[in-house]
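Biologist: I'd like to learn how to read strands and buried residues in a model like this. Can we go through one together?

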Amino acid sequence: MESKIILEARSICKSFHDPIKIDVLKDISFSINSGDFVSIIGKSGCGKSTLLYILSTMDTDYTGELFIDSENMRGKSEKQLASIRNEKIGFVFQFHYLLNEFTVLKNVMLPGFKLDKFEEEELENNALKLLKTLGIEKLAHKMAYKLSGGEKQRVAIARSMINDPLIIMCDEPTGNLDNKNSDIVYETFKELTEVYKKTLLIVTHDLILAEGTERIITMDDGRIIT
Ligand SMILES: Nc1ncnc2c1ncn2[C@@H]1O[C@H](COP(=O)(O)OP(=O)(O)O)[C@@H](O)[C@H]1O
Ligand SMILES: [Mg+2]
């Protein structure tokens, strides 16, 4: 199968003025193909989260170019970017940000209501299918606050997939988990890429997690070094 470029960063640079100018990202260029399972590693403070914020279109204050699905993100309105994000990018963060007073099923469905592409019934079926894929269908009707940390993270992964995004971006997805739950989350990612051909970009300082991915991009002090 021919693989297609899904995301491309061209010479991305970013500085903070705090109050003096600090260059946090320096000439970042790389691309991700459909089906890739990639991690970005590097020490705390090297710029990983700042980069992911730009790649996910949430931060537009940078120089250089970002292409998602062959489309240049430069010059798009906030509304256009929000719509691209919701349709094409799934997110998993260190802290899950589930809505505690909602059931697992509703939490997974939420980004789907925003996209407004499916009727509620179809959305619910899709959410149930995802929970099954991740082996947590038993949790569907539990309230989110009753879950363990590892369960919450798997629900967050299901939620990130509800709109069938082109790419799933994760920032320290195991950062808040013990070894056992980190392993479960890793196995989930592996299954998503191998069985479901999902495209994953994981930013982490967890070397064990990174070593399990197919490609490792190493950052140091705002640059890609390998
Ligand atoms: N809003 C901000 N204002 C000023 N400096 C920031 C801001 N956000 C991050 N930084 C700095 O940018 C650098 C990279 O941070 P970050 O991207 O969070 O690193 P990582 O995710 O790799 O730990 C750090 O030195 C951090 O202090
Ligand atoms: Mg970070």
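Modeller: Sure, and keep in mind that this model is predicted. Let's start with a pairing: strand β7 and strand β8 (residues 200-204) run parallel and are joined by four bridges. For one residue pair there, look at Cys170, whose bridge partner in β8 is Ile202.

Biologist: Which strand does β7 pair with through Gly90?

Modeller: Gly90 has Ile168 as its bridge partner in β7. The strand pairing with β7 here is β6 (residues 89-92), again parallel, with four bridges.

Biologist: And how does the chain element between β7 and β8 fit in?

Modeller: That's helix α6 (residues 179-194), and together β7, α6 and β8 form a right-handed β-α-β unit.

Biologist: Now the faces. Why is β7 described as largely enclosed?

Modeller: Because five of the five residues in β7 (residues 167-171) are buried. As a general idea, side chains in a regular strand alternate between the two faces of the sheet. In this case Ile167, Met169 and Asp171 sit on one side, with Ile168 and Cys170 on the other, and all are buried, so both faces are covered.

Biologist: What about a lysine: is Lys14 buried or exposed?

Modeller: Buried counts as under 20% relative accessible area. Lys14 comes in at 5%, so it is buried. Lys14 belongs to strand β1 (residues 5-17).

Biologist: Which side chain does the Lys14 side chain make a polar contact with?

Modeller: That of Asp59, at 2.9 Å. Lys14 also touches other residues beyond four places away in sequence, including Asp23, Leu25, Thr50 and Asp61.

Terms used:
Residues are numbered from 1 along each chain as its sequence is written. Chains are lettered from A and ligands numbered from 1 in the order in which they are written. This is a predicted model: local features need pLDDT of at least 70, side-chain atom pairs count only at pLDDT 80 or more; totals for chains, interfaces and linings use all residues. Side-chain values use heavy atoms; hydrogens and water are left out. Helices (H or I, at least four residues) and strands (E, at least two) are DSSP runs, numbered from the N terminus. Buried means under 20% relative accessible area, exposed over 50%, partly exposed in between (1.4 Å probe, protein chains only). A polar contact is a pair of N or O atoms within 3.5 Å; within protein, one must be able to donate a hydrogen and the other to accept it, and residues adjacent in sequence count only if both atoms are side-chain atoms. Contact means heavy atoms within 4.5 Å. Two strands pair if DSSP finds at least two bridges between them. A crossover is right-handed if, with the strands pointing away from the viewer, the path from the first strand over the helix to the second runs clockwise.
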